[in-house]
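Me: I am new to this structure and would like to learn how to read it, one feature after another. Could you take me through it slowly?

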Amino acid sequence: MAGQQIVFFDIPSKVPEKSWSINAWKTRLLLNYKGLHYTTEWLEYPEIRTRLEKHVLPNRDDTPYTIPTIRFPDGTYVMGGFQIAKEINERYPEPRFLVESRSLIEFRRVVGEIWDAFRGNYLLLVHNRVLNEASTGYFRTTREEDIGMTLEQFEKEQGGEQSWSQVGASLQKVTAMLKDNAEGPFFEGKEISYIDSLWVAFLISCRRLGEDVFQEVLERSGDTKVHTNLLEAVEPWIKRSSY
């Protein structure tokens, strides 16, 4: 119905700040940066498919319905962070936000490396430290089906220092990309882009896992300052995290 606010679908948590998901934060930051009026509809993991399947076509992978998804005021639903970013930019062009940028493909490749290395620690931490009880069963079942073992066994075999060591090597590649443009603090210098939202989302999610995890990420990055500078630059747009 025309005249409605944007509805942003996010996954709740038991941490005080509530919003924790890397995928969701990509969109939340953009909504905040654009100054758009929106309401958050919180969906526990088992609720996502039921809520969205009548409104969007499924993804072509093992997870057909995912967060982030938003509903625009005209009733249109869009699922997926990059597609949402493009649609928001078309509908609300100001303030300017670079969706496509020269470093996006390489950045995604490096983030893929980080995720492959980090999930040995990340999955169990999310289950134990972040999720509400309403989501833990679904999260455990689906992730254990994917990895072929329990979360605890996965952490034992692929987590710990071996995971952190691999993560650190890739984190330093991100640091180099941030430092490549001396104007900073963003990846593209003075102008914020989709890459910034992706990386800020990762840093926020790590912080939600615990200050110990966040500090480990910073220390392994090779240069704490460029990452904290980025977080300081986006501070006005990451304050809203619980509604």
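**Reading the core, the pocket and single residues**

Reply: Let us begin with V234, which, once its neighbours within four places in sequence are set aside, is in contact with L29, F186, I192 and V200. Please keep in mind throughout that this is a predicted model.

Me: Which residues have the most contacts inside the largest nonpolar core?

Reply: The general idea is that, in soluble globular proteins, nonpolar side chains tend to be buried together. In this model the largest nonpolar core has 79 residues, and those with the most contacts inside it are F118, F187, W199, F202 and V234. Helix 4, which spans residues 104-130, gives the most to this core, with 12 residues.

Me: How should I read the largest pocket, and which residues are the closest to its centre?

Reply: Rolling a probe the size of a water molecule over the atoms shows where empty space is left. Here the largest pocket holds about 1600 Å³ of space. Its lining is made of 44 residues, of which N23, T63, T66, I67 and R143 are the closest to the centre.

Me: Which helix supplies the largest share of that lining, and how do the lining residues divide into nonpolar, polar and charged?

Reply: Helix 4 supplies the largest share of the lining, 11 residues. Several helices supply at least two residues each, among them helix 1 (22-34), helix 5 (133-147) and helix 8 (194-209). By kind, the lining residues of the largest pocket divide into 26 nonpolar, 10 polar and eight charged.

Me: Now for single residues: is I6 buried or exposed?

Reply: A residue counts as buried when its relative accessible area is under 20%. I6 has a relative accessible area of 2%, and therefore it is buried. I6 lies in strand 1, residues 6-10, and, not counting residues up to four places away in sequence, it touches several others, including L31, Y38, I70, F72 and Y92.

Me: And what about T27 in helix 1, is it buried or exposed?

Reply: T27, also at 2% relative accessibility, counts as buried. With residues up to four places away in sequence left out, T27 touches F8, P68, I70, G81 and I84.

Me: What is special about the peptide bond that joins I67 and P68?

Reply: The bond between I67 and P68 is a cis peptide bond, with omega about 15°, and P68 has its place in the loop between helix 2 and strand 3 (69-71). The peptide bond from G184 to P185 is cis as well, with omega near 0°; P185 sits in the loop between helix 7 (160-180) and helix 8.

Me: What can be said of the phi angle of K18?

Reply: K18 has a positive phi of about 75°, although it is not a glycine. K18 belongs to the loop between strand 1 and helix 1, and its relative accessible area of 26% is why it counts as partly exposed.

Me: Which residues is S241 in contact with, leaving aside its neighbours within four places in sequence?

Reply: S241 is found in the segment after helix 11 (235-238), and it is in contact with E17, K18, S19, W25, R28, W42 and R208. A polar atom of the S241 side chain lies 3.2 Å from the backbone oxygen of E17. At 6% relative accessibility, S241 counts as buried.

Technical notes. Residues numbered from 1 in each chain as written. Predicted model: local features only at pLDDT ≥ 70, side-chain atom pairs only at ≥ 80, totals over all residues. Heavy atoms only, no water. Core = buried A, V, L, I, M, F, W, Y, C linked by side-chain atoms within 4.5 Å. Buried < 20%, exposed > 50% of the residue type's maximum accessible area, 1.4 Å probe, protein only. Helix = DSSP H or I, 4+ residues; strand = E, 2+ residues; numbered from the N terminus. Contact = heavy atoms within 4.5 Å. Polar contact = N/O pair within 3.5 Å; in protein donor to acceptor, adjacent residues only side chain to side chain. 1 Å grid on protein atoms, 1.4 Å probe; cavity = no way out; pocket = protein on both sides within 12 Å on 5 of 7 lines; lining within 4 Å. Points joined across faces, edges and corners; volume = space filled by probe spheres on them. Nonpolar A, V, L, I, M, F, W, Y, C, P; charged D, E, K, R; others polar.
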